[in-house]
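The following paragraphs guide the reader through a structure, beginning with its aromatic rings and ending with one of its helices.

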Amino acid sequence: MKKLLILFLLMSLFFISGCKVLQEELGVYEVETEEEATPEDKEKEPTDIPTQEPEPTEEVVPTEIPAEDEEEEDEETVEVVAEPTPLPVLPLDITFTAEDGTELMGDFFPPASQNAPVVVLMHQYPMDHNVEWIAIAPWIQNRGLTEAVRPSNEFWADPSWFPPMIEGADFGVFSFTFRNCIGGCNVDSVVSREEWIMDAVSAIKAAASFTSIDPQKVIVLGTSIGADAGVNACVRLLDNDSVSCIGVISLSPGSYLDEDYGEGVAQLDEAGVPVRCVASENDGHCPDTCLAYEGENYESFIVTGGEHGIRLFDPASELDVPGLVAGSLIEWAYVK
C-alpha cells in the first residue's frame, strides 16, 4: 500500500513538470486575474480601443444625402437675406446739414417700392416747405395721403382738383426749408444767396441717400428762388457720380440767386438733363428768363396773367400745370 502511494505521488510530480515544459514550448502562460497589472505592464499591453483621432487608411467617400436632409442642411448653412420692408406712408421729419454745417429741416414722403425716383421740392420766398407743399408733396408721393389734406382757400393747397397720378407711379418726395426760413423768410434770412444754393445742393444729396431711393433718379421741382436753386444745384452736381439729376421743373425763375438761369439751363441741356420752365406773361422779368434760352432738352411755357411761383398751380389757367408736372415726372423717371 505504501509503495502504491509513493508511486502515485511520483507520477503527479512528473505530470506537473511536463505541463510546464509544454506551456513554455507553446508560448502559453497562465493569466493572473486577481492581481492588477502595473502601469508599465499596461503600456506594453495591446489595446482594441481606438485613439481620439485615428489616421485614416483610405479616403472616405461620402454617401448620398437624401433630399430631405439636403433641405435641412441648406436651412442651417445658407444665409437668408430678407426683402427690405417698405417704408411707412406718413412723412418723416428729417434734419440734415449743409456743407457749411448749417442745420436744415425737411419732410421725406417715402415711396412704396425700392430704388424709387425722388422729387426734391424747393420753395419760394417768403414761404417755407410746410406752407407751400402741404398738398403737392403727398399728391406726387401717390400713396393716398391727399385724402387727409383738408381743402384750403388756396387753390394750390386743395388737392381735390389735381389730376390723379398714373397708377403704379411711385415717387419718394423730399421738401425742405432754406436756412432761416422756418415760419417764413425775410430780408435778413440769408447773408449770401450762395448759401441758398448750398442748401439746395445739400438737400439733393440728402434725398439721394434716403432708404428706398435711387440716387441716379433725382428730379427737382422749384418755384421762384427754388426754381433758380434747382437749376443751380443740378449744374453743380453734374460731375458727381453718386447723384444724378434727371430733370428740373422751374416755375417763375428769375435768376434771383445771382447766377444766370439761362447759363445754368444751357449746361444742363448740354449734359442731356431736361428742363421745363413756366412763367406768367405779366410776372416781371420771369417770362423773359424762361424765354432766354432754347435747347434740345429745354421747353418754356408762358401763360396769361400775372401769377407767380406756386400760384401757377391754378385750375383756371389755360395750362394744366399739375398735368405738366405729373407728365414730366412719369416721362423722366419711367419712360426714358
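Rings of Phe, Tyr and Trp (its six-membered ring) count as a pair if their centres lie within 6.5 Å; planes under 30 degrees apart are stacked, those over 60 are edge-to-face and the rest are tilted. Across the whole structure, a search finds 12 aromatic pairs. In one of them, Trp139 and Phe162 meet edge-to-face, 5.2 Å centre to centre and with 65 degrees between the planes. Trp139 belongs to helix 5 (residues 136–141), whereas Phe162, 23 residues apart from Trp139, sits in the loop between helix 5 and strand 4 (172–177). Helices (H or I, at least four residues) and strands (E, at least two) are DSSP runs, numbered from the N terminus. Trp139 has 5% relative accessibility and so counts as buried, meaning under 20% relative accessible area, with exposed over 50% and partly exposed in between (1.4 Å probe, protein chains only). Phe162, at 7%, is also buried.

The model is predicted: local features need pLDDT of at least 70, side-chain atom pairs count only at pLDDT 80 or more, and totals for chains, interfaces and linings use all residues. Residues are numbered from 1 along each chain as its sequence is written, and side-chain values use heavy atoms, leaving out hydrogens and water.

Ring pairs also join Phe96, Phe108, Phe174, Phe176, Phe178, Trp196 and Phe210 into a cluster. Within this cluster, both Phe174 and Phe210 are buried.

Helix 7 (residues 225–236) is mostly covered, with 11 of its 12 residues buried. Among the partners of these buried residues are strand 3 (116–122), strand 6 (245–251) and helix 8 (261–270), where contact means heavy atoms within 4.5 Å.
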